[in-house]
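Please work through the exercises below with the sequence and the structure open beside you. Try each task before you read its solution.

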Amino acid sequence: MYGSTINFSASAEAHFPWGQAKLLLQITKGKITKAQLYTDAMDATLPDVVCPILSDCRLDADEIKQKLNNNLSKELADDFSELFEQII
């Protein structure tokens, strides 16, 4: 949880069985230009995995869900889809 925080346009936060997650997004013209994830999950690489998946993605529920499903386990993809329901 070190480093600078992005200037974000949207955010979502939730608690899951694997830990707390807070997602910050910069959105420009309907596209995610940068994502930042803070989490207390035991998997310290989670932000490094999730954020690149979301960068340059349109802020579209179907596109985001497809990218998450293609790159994460079903459990994580479902959890992050739940986070996006707060934003979209």
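**Exercise 1. Decide whether Gln36 is buried or exposed, and find the contact made by its side chain.**

Solution. Begin with the accessible area: Gln36 has a relative value of 15%, and because buried means under 20%, Gln36 is buried. Keep in mind that this is a predicted model, and that every value used here is computed from it. Next, locate the residue, which lies in strand β3, a strand made of residues 31–39. Finally, look at the side chain of Gln36, which makes a polar contact of 3.3 Å with the side chain of Tyr38.

**Exercise 2. Describe how strand β2 pairs with strands β1 and β3.**

Solution. Take β1 (residues 10–16) and β2 (residues 19–28) to start with: they run antiparallel and are joined by 7 bridges. Within this pair, Ala10 stands opposite Leu25 in β2, and the connection from β1 to β2 is a hairpin through 2 residues. Then turn to β2 and β3, which also run antiparallel and are joined by 8 bridges. Here Thr28 stands opposite Lys31 in β3, and the hairpin has 2 residues between the strands, with Lys29 in the turn showing a positive phi of about 50°.

**Exercise 3. Find where Ala12 lies, and list what Ala12 touches beyond its neighbours in sequence.**

Solution. The residue belongs to strand β1. Its relative accessible area is 3%, so Ala12 is buried. When neighbours within four places in sequence are left aside, Ala12 is in contact with Ala21, Lys22, Leu23, Leu83, Gln86 and Ile87. As a check on distance, compare a residue that is not on this list: the C-alpha atoms of Ala12 and Cys51 are separated by 14 Å, and these residues are 39 places apart along the chain.

**Exercise 4. Identify the residues with the most contacts inside the largest nonpolar core, and the elements that contribute to this core.**

Solution. The largest nonpolar core has 27 residues, and those with the most contacts inside it are Leu54, Leu68, Phe80 and Phe84. Two or more residues of this core come from each of β1, β2, β3, α1 (46–54), α2 (61–71) and α3 (74–85). Leu54 can serve as an example: not counting residues up to four places away in sequence, Leu54 touches Leu23, Ile32, Ala35, Ile64, Leu68 and Phe84. A general tendency helps to place this result, since in soluble globular proteins nonpolar side chains tend to be buried together.

**Exercise 5. Classify the aromatic pairs, and say which residues form the aromatic cluster.**

Solution. The count comes to 2 aromatic pairs. In one pair, Phe16 and Trp18 are 5.0 Å apart from centre to centre with 15° between their planes, and this pair is stacked. In the pair of Trp18 and Phe80, the ring centres are 5.8 Å apart and the planes meet at 25°, so this pair is stacked too. Now consider position in the chain: Trp18 lies in the loop between β1 and β2, whereas Phe80 lies in helix α3, so the pair ties together parts that are 62 residues apart in sequence. Then consider burial, where Trp18 has a relative accessible area of 18% and is buried, while Phe80, at 0%, counts as buried as well. Phe16 is also buried. The last step brings the pairs together, for Phe16, Trp18 and Phe80 form one aromatic cluster.

How values were computed: Residues numbered from 1 in each chain as written. Predicted model: local features only at pLDDT ≥ 70, side-chain atom pairs only at ≥ 80, totals over all residues. Heavy atoms only, no water. Helix = DSSP H or I, 4+ residues; strand = E, 2+ residues; numbered from the N terminus. Buried < 20%, exposed > 50% of the residue type's maximum accessible area, 1.4 Å probe, protein only. Polar contact = N/O pair within 3.5 Å; in protein donor to acceptor, adjacent residues only side chain to side chain. Pairing = 2+ DSSP bridges. Core = buried A, V, L, I, M, F, W, Y, C linked by side-chain atoms within 4.5 Å. Contact = heavy atoms within 4.5 Å. Phe/Tyr/Trp six-rings, centres within 6.5 Å; stacked < 30°, edge-to-face > 60°.
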